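This report covers a single chain and its computed features. The sequence and the coordinates are shown below.

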Amino acid sequence: MLAVLGGLADVERDLIRTRTSEGRIRAIRQGKKWDVLVA
């Protein structure tokens, strides 16, 4: 049971990472800029 939930979490994490990177690429192409402090 925990293995199944762990597998679903991995898939969801990959989907979120993909969507986030696509959104960042799209924003850069549109010329949007944002200030991000990286610790």
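The text that follows goes from the overall fold to the surface and then to the charged pairs.

**Fold**

The model is predicted. Its chain has 39 residues, with one helix and zero strands. That helix, α1, covers residues 2-29. It is made of 28 residues and spans 41 Å between its first and last C-alpha atoms, close to the 40 Å expected at 1.5 Å a residue. After α1 comes G31, which has a positive phi near 85 degrees.

The UniProt record, an unreviewed entry, lists residues 1-31 as "domain: Resolvase/invertase-type recombinase catalytic". Within residues 1-31, 90% of the chain is helix and 0% is strand. The C-alpha atoms at the two ends of this segment are 45 Å apart.

**Surface**

How much of the chain counts as buried? The share is 3% of the 39 residues. The accessible area of the chain is about 4000 Å², and 61% of it comes from carbon and sulfur atoms.

A nonpolar patch on the surface is formed by M1, L2, V4, L5 and L8, which together have about 610 Å² of accessible area. One of these residues, L8, is found in α1. L8 has a relative accessible area of 54% and is therefore classed as exposed, the cut-off for that class being over 50%.

**Charged pairs**

Side chains of opposite charge can pair when their charged atoms come close. A search of the whole structure gives two salt bridges, listed here with their N to O distances and the relative accessible areas of the residues.

| Salt bridge | N to O distance | Relative accessible area |
|---|---|---|
| R13 and D10 | 3.0 Å | R13 45%, D10 38% |
| D14 and R17 | 3.6 Å | D14 44%, R17 53% |

In the bridge between R13 and D10, both residues belong to α1 and lie three residues apart, about one turn of the helix. D14 and R17 are also in α1, and because they are three residues apart, about one helical turn separates them. An α-helix has 3.6 residues a turn, so residues three or four places apart point the same way.

Are the bridged side chains buried or exposed? R13 is partly exposed at 45%, and D10 is partly exposed at 38%. D14, with 44% relative accessibility, also counts as partly exposed. R17 is exposed, because its relative accessible area is 53%.

**Summary**

The predicted chain holds one helix and zero strands, and 3% of its residues count as buried. Its surface carries a nonpolar patch that includes L8, and its two salt bridges join R13 to D10 and D14 to R17.

Technical notes:
Residues numbered from 1 in each chain as written. Predicted model: local features only at pLDDT ≥ 70, side-chain atom pairs only at ≥ 80, totals over all residues. Heavy atoms only, no water. UniProt positions renumbered as here; feature names shortened; annotations may be inferred. Helix = DSSP H or I, 4+ residues; strand = E, 2+ residues; numbered from the N terminus. Patch = residues over 30% accessible without salt bridge, like charges linked within 9 Å, V, L, I, M, F, W, Y side chains within 5 Å. Areas by Shrake-Rupley, 256 points an atom, 1.4 Å probe, with all protein chains shown as cover. Salt bridge = Lys/Arg side-chain N within 4 Å of Asp/Glu carboxyl O. Buried < 20%, exposed > 50% of the residue type's maximum accessible area, 1.4 Å probe, protein only. Expected span 1.5 Å × (residues − 1).
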